[in-house]
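Got the viewer open? Here's a short walk through the model, one selection at a time.

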Amino acid sequence: MSHSLSPRLHNAAFAALGLDYVYVPLPVRADEVGAAVRGLAALGFSGANVTIPHKGAVVPFLDEVDDDARLAAAVNTITVVGRRLHGYNTDVEGVRGALVAIAGDTLAGEPALIFGAGGAARAAALALSRLRCRLTVVNRTPAAAEHLAALITAGVPGADCRWRPLPDLTEQDVRRQRVVVNATALGMAGQGKVPALLADNVSAGQVVFDAVYASGPTEFLAAAQARGATVVDGLTMLLGQAAAAFSLWTGMPAPLEVMRDAVRR
Ligand code: NAP
C-alpha cells in the first residue's frame, strides 16, 4: 500500500509547492538492485525510496548510510548529492515524529512495549530508544525479539531494551506501559487480530500506536480509543516517513496537509 500511496502523496506535494520533480514507481529485480541504485546519479535522479524486499540489499551500493538505517539494516530513502548516494531510514522519524507530536518530551524514562520484531518494530524500537523509553520487545518468534533487543542495546548509547517471550506477558505488564506499539502484520486484512491481552488492557494515559495502516482505524486502535487511550495510526507514521524523505530530497519542509489529503482521496 505504501508502494502505491507514495507516488500520489509526493507528486501532490511537488505540485503544491511548484517544484519541478516527479515521483515514479519503478519495479526492480532482486539481481539488478546494484545496477539500479548506481544508475540513479547517471540518470539525474535527486533521490529514491526503496521498498520491501530491497531495503537491505541496497546498502552495499551506497556511499554513506546514516545511523538509523545502519542499525535497522534497512534503507527506505536515498538522496543523490553530486555523484554520492546517501541512505536513510525515515521510518524511524515517522514513528518518532508521531510520538513527539502527541506526547512532547514526556516519554523519557517511561516504559514502552513493542509487539513485533520485523522492520516496523526495528523502526519503533530505534525511535523509542532515542526518546529514552525503557523498552520491552515481545514477538511470536522469541529469537527475533531477543535479536532486536540486543541490536538496540548494542547500537543506541544508554538504551534500556529487554525482550520477553510473548506467552509470559501479563495484563499487568500491558497496564503499566506508557506506550504500546503493534508492529506486527496483525490487523491487516486477512492476517488475524492483535491479541486481546493488548487491546483489553490499555486505558487513558497510555499512547497506543499501530504501524498497520488502513482506510480507517484498525480494530486494535478502535478498541484502545474506546478504552480512553491516545492513539497514533499507521497512516501518521507513513506520512511522517514520507515528509522526512521529501525534506531530504528537496531541502524544504513537506506540505503535510497536502500529502494527507492526497492519501485520503
Ligand atoms: P516484517 O518485517 O515481515 O515483520 C512482521 C512482524 O509481524 C514479525 O514480528 C512477525 O512475527 C509478526 N507477525 C506476522 N504474522 C504474525 C502472526 N500471525 N502472529 C503474530 N505475529 C505475527 O513486516 P514489517 O515490515 O515489520 O511490517 C509489519 C506491519 O507494519 C505491516 O502491517 C506493515 O504494513 C506495517 N508497516 C507500516 C509502516 C508505516 O509507515 N505505517 C512502515 C512499515 C511497516 P515473527 O517474527 O514471529 O514472524
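Which side chain meets Arg260 in a salt bridge? Select Glu257: that's the partner, with 3.8 Å from N to O. Keep in mind that you're looking at a predicted model. Both residues sit in helix H11 (residues 256-264), and because they are three residues apart there, about one helical turn separates Arg260 from Glu257.

Next, jump to Arg29. Arg29 forms a salt bridge with Asp31, and the closest N and O atoms are 2.9 Å apart. Now add Glu32 to the selection: the Glu32 side chain also meets Arg29 in a salt bridge, at 3.9 Å from N to O. So what you have on screen is a network of salt bridges linking Arg29, Asp31 and Glu32. Switch on a surface, if you like: Arg29 and Asp31 are both exposed, while Glu32, at 38% relative accessibility, counts as partly exposed. Across the model, the count comes to 15 salt bridges.

Now for strand E5, residues 111-115. Five of its five residues are buried, so E5 is largely enclosed by the rest of the structure. Show the side chains: Pro111, Leu113 and Phe115 point one way, Ala112 and Ile114 the other.

Then bring in the neighbours. Strand E6 (residues 134-139) runs parallel to E5, joined by five bridges; look for Pro111 opposite Arg134. Add helix H5 (residues 119-130), and E5, H5 and E6 make a right-handed β-α-β unit.

Last stop: strand E8 (residues 179-182), also parallel to E5 and joined to it by four bridges. Select Ile114 and find Val181, its bridge partner in E8.

Key:
Residues are numbered from 1 along each chain as its sequence is written. This is a predicted model: local features need pLDDT of at least 70, side-chain atom pairs count only at pLDDT 80 or more; totals for chains, interfaces and linings use all residues. Side-chain values use heavy atoms; hydrogens and water are left out. A salt bridge is a side-chain nitrogen of Lys or Arg within 4 Å of a carboxyl oxygen of Asp or Glu. Buried means under 20% relative accessible area, exposed over 50%, partly exposed in between (1.4 Å probe, protein chains only). Helices (H or I, at least four residues) and strands (E, at least two) are DSSP runs, numbered from the N terminus. Two strands pair if DSSP finds at least two bridges between them. A crossover is right-handed if, with the strands pointing away from the viewer, the path from the first strand over the helix to the second runs clockwise.
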